[in-house]
Every structure is written in structure tokens, then in C-alpha cells.
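These entries record what I looked up in one structure, in the order in which I took the topics. I began with the whole chain and then turned to single residues.

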Amino acid sequence: MDWQGQKLAEMLMQLLLVASAVAAFAVGYAMADFQLMLLVYAGGVVLTALVTVPNWPFFNRHPLKWLDAAEAERHPRPQVSAAAVAATGGKKKTGKNK
């Protein structure tokens, strides 16, 4: 699953869970049956899991292009030099104001 597919899966999950909660509440209120409301919501959760958990092809429309090993060796990742660390102070910011 690619990054856009993960975003789509999360949006679908949120939408389907909210929609099933609203539908379950409406059915439970109209029928005055708490057990039926829980069953409708449980069905919505199962449907949501079936839609979002498997790696369906529509979640993989934008695959990442990885470098092969030979290409990665020809273009190594840049290393941070000691001079660059010294120029920034070499300390991590703690985020605390004194």
C-alpha cells in the first residue's frame, strides 16, 4: 500500500465508521432496540474492516519507485560533516523555555 493509499484507507475508515454509527443510532432509535443498534454498528465495523484492511489494488495506484542496489551504491546518501554539526551548535533543542 502506498502513501496515498494509506491516506485513502484512513479517510474511508473514518467515513464508514461515522456513517455506520449514525445509521445504527437511527435504527436503534426508530425501533427502540438497543441490541439491534449494536448489531447494525457491528456490521458497519465488519464492513469497514473488509474495505480498509486488505491491500486492495485501488490502494496501490501510486507505487514508490525504489532504487536498485547498484544505483544506490553509485549515489550514496550525503553524510553530515562535523563542521556542519559544530556550526549549528551541536546541541539538540529541548523545547523548554527558561
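**Entry 1. Model and confidence.** I noted at the outset that this is a predicted model. I looked up the mean pLDDT of the protein and found 86. I also recorded that 83% of the residues reach 70 or more. I then asked where confidence is highest and where it is lowest. It is highest in α2, at a mean of 97, and lowest in helix α4, residues 82-87, at 67.

**Entry 2. Overall make-up.** I counted the secondary structure as four helices and zero strands. Along the sequence I read the pattern α-α-α-α. I looked up burial for the 98 residues of the protein and found that 11% are buried. Among contacts with a separation of 6 or more, I found that 67% join residues 24 or more positions apart.

**Entry 3. The record.** I consulted UniProt, where an unreviewed entry places the feature "transmembrane region" at residues 12-32 and at residues 38-59. I compared both spans with the model. Residues 12-32 are 95% helix and 0% strand, and their end C-alpha atoms lie 29 Å apart. Residues 38-59 are 68% helix and 0% strand, with 30 Å between the end C-alpha atoms.

**Entry 4. Helix α1.** I took helix α1 as residues 3-31, which makes 29 residues. From first C-alpha to last, α1 reaches 42 Å, close to the 42 Å expected at 1.5 Å a residue. I looked at how the N-terminal end of α1 is capped and found Asp2 there. A side-chain oxygen of Asp2 lies 3.3 Å from the backbone nitrogen of Gln4. Next I asked which residues of α1 are buried. They are Gly5, Ala9, Ser20, Ala24 and Gly28. I recorded that the buried residues of α1 pack against α2, residues 34-52.

**Entry 5. Ala32.** I placed Ala32 in the loop between α1 and α2, just after α1. Its phi is positive, about 55°, although Ala32 is not a glycine. I set this beside the general rule that most residues other than glycine have a negative phi. I also asked whether Ala32 is buried or exposed. Ala32 counts as exposed because its relative accessibility is 70%, and the cut-off for exposed is over 50%.

**Entry 6. Thr48.** I located Thr48 in helix α2. Thr48 counts as buried because its relative accessibility is 4%, and the cut-off for buried is under 20%. I asked what the side chain of Thr48 reaches. A polar atom of that side chain lies 2.7 Å from the backbone oxygen of Gly44. Leaving out residues up to four places away in sequence, I listed Met13, Leu16, Leu17 and Val53 as the residues that Thr48 touches.

**Entry 7. Thr52.** I located Thr52 in helix α2 too. Thr52 has a relative accessible area of 13% and is therefore buried. Its side chain reaches the backbone oxygen of Thr48 at 2.8 Å. I then looked up the contacts of Thr52 beyond its neighbours within four places in sequence. They are Met1, Ala9, Leu12, Met13 and Phe59. Of these, Ala9 is one of the buried residues of α1 that I listed in Entry 4.

**Entry 8. Aromatic pairs.** I asked how many aromatic pairs there are, and the count came to two. Phe25 and Tyr29 form a stacked pair, at 6.0 Å centre to centre and with 20° between the planes. I found both Phe25 and Tyr29 in helix α1, four residues apart, about one turn of the helix. Phe25 and Tyr29 are both exposed. I then turned to Phe58 and Phe59, whose ring centres are 4.4 Å apart. Their planes meet at 50°, so I recorded this pair as tilted. I asked how accessible each ring-bearing residue of this pair is. Phe58 is partly exposed because its relative accessibility is 32%, whereas Phe59 is buried, at 0%. I noted that Phe59 had already appeared among the contacts of Thr52.

Note on methods:
Residues are numbered from 1 along each chain as its sequence is written. This is a predicted model: local features need pLDDT of at least 70, side-chain atom pairs count only at pLDDT 80 or more; totals for chains, interfaces and linings use all residues. Side-chain values use heavy atoms; hydrogens and water are left out. UniProt positions are given in the numbering used here, feature names are shortened, and annotations may be inferred rather than shown by experiment. Helices (H or I, at least four residues) and strands (E, at least two) are DSSP runs, numbered from the N terminus. The expected span of a helix is 1.5 Å times one less than its number of residues. Buried means under 20% relative accessible area, exposed over 50%, partly exposed in between (1.4 Å probe, protein chains only). Contact means heavy atoms within 4.5 Å. A polar contact is a pair of N or O atoms within 3.5 Å; within protein, one must be able to donate a hydrogen and the other to accept it, and residues adjacent in sequence count only if both atoms are side-chain atoms. pLDDT is the predictor's confidence in each residue, from 0 to 100. Rings of Phe, Tyr and Trp (its six-membered ring) pair if their centres lie within 6.5 Å; planes under 30 degrees apart count as stacked, over 60 as edge-to-face and the rest as tilted.
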